[in-house]
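Here is a friendly walk through one protein chain, meant to be read with the structure open beside you. Take a moment to turn the view around, and then follow along.

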Amino acid sequence: MLSNVKVELGAVLYGPSMRLVEHYIGGLLKYAEFNGRAGRAEYWWFTIANTIIAGVFWLLGNIGGPVSNLSLLYLLAVAIPNLSITVRRLHDTSRSSWWLPLGLVPTPLVFVILFFMCQRGQTEKNRYGPPVISHGTSG
């Protein structure tokens, strides 16, 4: 039974890593927080979970009937949290949130925002706050 227990930085985690769920819920809870910074791990785990859930709702919507609008409702519900975490990710790379409209318009400039999201955040304090402390991930 003890083989399932891992100790990381003083915290006990049982079983498999729960980063996907933790970062998704954390991103939803910080839905109105446009100040500060978000690390790569926080952003990408949120994005992966968001994509999985949106895909499930899209598949359910293709069934038809009363669940046909679930994917649209979900996308509307997570629009603000998605913008919030993207702004905080831009802040981590010391960029203004004014870069965000480039990612909202479907042009090749979307790849510029994708490049920014993949970059390592600044390790020192910048004008948006102190560096993000990541536990066991590079961010």
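Arg120 sits in the segment that follows H6. This is a predicted model, and in it Arg120 has a relative accessible area of 53%, so it is exposed. If you look for a partner far away in sequence, try Asp92: the C-alpha atoms of Arg120 and Asp92 are 8.3 Å apart, although 28 residues separate the two along the chain.

Thr123 belongs to the segment after helix H6 (110-118) too. Its relative accessibility is 64%, and Thr123 therefore counts as exposed, the cut-off being over 50%. Thr123 can be paired with Thr93, which is 30 residues away along the chain, with 9.4 Å between the C-alpha atoms.

Now for a residue with the opposite label. Is Arg37 buried or exposed? With a relative accessible area of 10%, Arg37 is buried, because buried means under 20%. You will find Arg37 in the loop that joins helix H1 (19-29) to H2. The C-alpha atom of Arg37 is 8.9 Å from that of Gly121, and the two residues are 84 positions apart along the chain.

Trp44, a residue of helix H2, completes this set of pairs. Its relative accessible area is 26%, which makes Trp44 partly exposed. Trp44 and Met117 are 73 residues apart in sequence, with a C-alpha to C-alpha distance of 8.5 Å. Leaving aside residues up to four places away in sequence, Trp44 touches Leu114, Met117 and Cys118.

Here are the four pairs together, for easy reference while you turn the model.

| Pair | Separation along the chain | C-alpha to C-alpha distance |
|---|---|---|
| Arg120 and Asp92 | 28 residues | 8.3 Å |
| Thr123 and Thr93 | 30 residues | 9.4 Å |
| Arg37 and Gly121 | 84 residues | 8.9 Å |
| Trp44 and Met117 | 73 residues | 8.5 Å |

The Trp44 contacts lead on to the packing of helices. Two packed helices are described by the angle between their axes and the distance between the axes. For H2 and H6, the axes come within 9 Å and cross at roughly 125 degrees. That angle makes H2 oblique to H6. On the H2 side the contact is made by Arg40, Tyr43 and Trp44, and on the H6 side by Leu114, Met117 and Cys118. Sorted by class, the residues of this contact are five nonpolar, no polar and one charged.

H2 has another helix to meet. The axes of H2 (residues 40-63) and H4 (residues 79-92) come within 10 Å, and they cross at roughly 155 degrees. H2 is therefore roughly antiparallel to H4, a label that applies because the angle is over 145 degrees. The crossing of these two helices is left-handed. H2 brings Arg40, Glu42, Tyr43, Phe46 and Asn50 to the contact, while H4 brings Pro81, Asn82, Ile85, Thr86, Arg88 and Arg89. By class, the contact of H2 with H4 has four nonpolar, three polar and four charged residues.

Beyond H4, stop at Ser94, which lies in the loop between H4 and helix H5 (100-104). What is the phi of Ser94? The angle is positive, about 65 degrees, although Ser94 is not a glycine. With 26% relative accessibility, Ser94 counts as partly exposed.

Finally, step back to view the whole chain. The protein chain has six helices and two strands, and along the sequence these follow the pattern β-β-α-α-α-α-α-α. Of the 139 residues, 29% are buried. Among contacts with a separation of 6 or more, 65% are between residues 24 or more positions apart. The accessible surface of the chain comes to about 9,000 Å², and carbon and sulfur atoms account for 70% of that surface.

Technical notes:
Residues are numbered from 1 along each chain as its sequence is written. This is a predicted model: local features need pLDDT of at least 70, side-chain atom pairs count only at pLDDT 80 or more; totals for chains, interfaces and linings use all residues. Side-chain values use heavy atoms; hydrogens and water are left out. Axes are lines fitted to C-alpha atoms, for helices over the stretch in contact, and angles run from 0 to 180 degrees between N-to-C directions. Helices (H or I, at least four residues) and strands (E, at least two) are DSSP runs, numbered from the N terminus. Angles under 35 degrees count as roughly parallel, over 145 as roughly antiparallel, 65 to 115 as roughly perpendicular and the rest as oblique. A crossing is left-handed if the near helix is turned anticlockwise from the far one by less than a right angle, and right-handed if clockwise. Contact means heavy atoms within 4.5 Å. Ala, Val, Leu, Ile, Met, Phe, Trp, Tyr, Cys and Pro count as nonpolar, Asp, Glu, Lys and Arg as charged, and the others, Gly among them, as polar. Buried means under 20% relative accessible area, exposed over 50%, partly exposed in between (1.4 Å probe, protein chains only). Accessible areas come from the Shrake-Rupley method with a 1.4 Å probe; for residues, only the protein chains shown count as cover.
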